[in-house]
Amino acid sequence: MYARAANAYRRVDLESAPRSQIVDRLFERFDRDVATARDAITRRDISAKASAIDHALQIVFELAASLDHNAAPELCGQLASLYEFVTNQLAVASAKLSCEPIDHARRVMAELADAFKQVHPR
């Protein structure tokens with residue numbers, strides 16, 4: 001019962017949040033997911049690694065899908081390329097159980113998050 005109420009609260013919070021706040025939350029959650037994946041790889045916990053990388057990938061896919069190529073084709077093309085790079089790095093990290101590609105992906109997403117925060121300060 002409490003879990004259902006908490007999920008309903010989260011859904012209402014997400015649906016009522018400004019778009020910029022949602023994007024900011026996605027970047028923050030991506031960072032937590034890759035930190036979890038990195039820790040799981042270090043511990044050789046394949047299940048936790050898979051779950052964390054899968055969730056991080058879902059975030060990247062959501063960010064890429066939200067790009068409005070008609071509004072800013074050049075910028076969106078560059079962002080799409082960066083998101084593709086991040087996706088590839090996460091796939092390599094997952095397949096090779098390597099932390100280095102996660103670190104590359106994390107740096108790119110951190111730079112994008114910083115740029116986003118400069119454009120949309122809280």
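Q: Where is glutamine 89 placed in this predicted model?
A: Glutamine 89 sits in helix α4.

Q: Why is glutamine 89 called buried?
A: Its relative accessible area is 15%, and buried means under 20%. The value falls under that cut-off, so glutamine 89 counts as buried.

Q: Which residues does glutamine 89 touch, leaving out those up to four places away in sequence?
A: Glutamine 89 touches Pro101, His104 and Ala105. Two of the names, Pro101 and Ala105, also appear among the buried residues of α5.

Q: What is the reach of helix α5 from its first C-alpha to its last, and what is expected?
A: Helix α5 runs over residues 100-119 and has 20 residues. The reach is 29 Å, close to the 28 Å expected at 1.5 Å a residue.

Q: Which residues of α5 are buried?
A: They are Pro101, Ile102, Ala105, Val108, Met109, Leu112, Ala113 and Phe116.

Q: How do you know that these buried residues are on the same side of α5?
A: Look at the directions around the axis: the buried residues cover an arc of only 140 degrees, which puts them on the same side of α5. On the other side, Glu100, Glu111 and Gln118 are exposed.

Q: What covers the buried residues of α5?
A: The cover includes α2 (19-43), α3 (46-65) and α4 (73-96).

Q: How many aromatic pairs does a search of the whole structure find?
A: The search finds one aromatic pair.

Q: What makes phenylalanine 27 and phenylalanine 116 a pair, and why is the pair called tilted?
A: Their ring centres are 6.2 Å apart, and rings pair if their centres lie within 6.5 Å. Their planes are at 45 degrees; under 30 degrees would count as stacked and over 60 as edge-to-face. The angle fits neither of those, so the pair is tilted.

Q: Which parts does this pair tie together?
A: Phenylalanine 27 lies in helix α2 and phenylalanine 116 in helix α5, so the pair ties together parts that are 89 residues apart in sequence.

Q: Why do phenylalanine 27 and phenylalanine 116 count as buried?
A: Phenylalanine 27 has a relative accessible area of 7%, and phenylalanine 116 has 18% relative accessibility. Buried means under 20%, so both rings belong to buried residues.

Q: How many disulfides does the structure hold?
A: The structure holds zero disulfides.

Q: Are cysteine 76 and cysteine 99 buried or exposed?
A: Cysteine 76 is buried, at 6% relative accessibility. Cysteine 99 is buried too, with a relative accessible area of 16%. Both values are under the 20% cut-off.

Methods: Residues are numbered from 1 along each chain as its sequence is written. This is a predicted model: local features need pLDDT of at least 70, side-chain atom pairs count only at pLDDT 80 or more; totals for chains, interfaces and linings use all residues. Side-chain values use heavy atoms; hydrogens and water are left out. Helices (H or I, at least four residues) and strands (E, at least two) are DSSP runs, numbered from the N terminus. The expected span of a helix is 1.5 Å times one less than its number of residues. Buried means under 20% relative accessible area, exposed over 50%, partly exposed in between (1.4 Å probe, protein chains only). The arc is that of the directions from the helix axis to the C-beta atoms. Contact means heavy atoms within 4.5 Å. A disulfide is a pair of cysteine sulfur atoms within 2.5 Å. Rings of Phe, Tyr and Trp (its six-membered ring) pair if their centres lie within 6.5 Å; planes under 30 degrees apart count as stacked, over 60 as edge-to-face and the rest as tilted.
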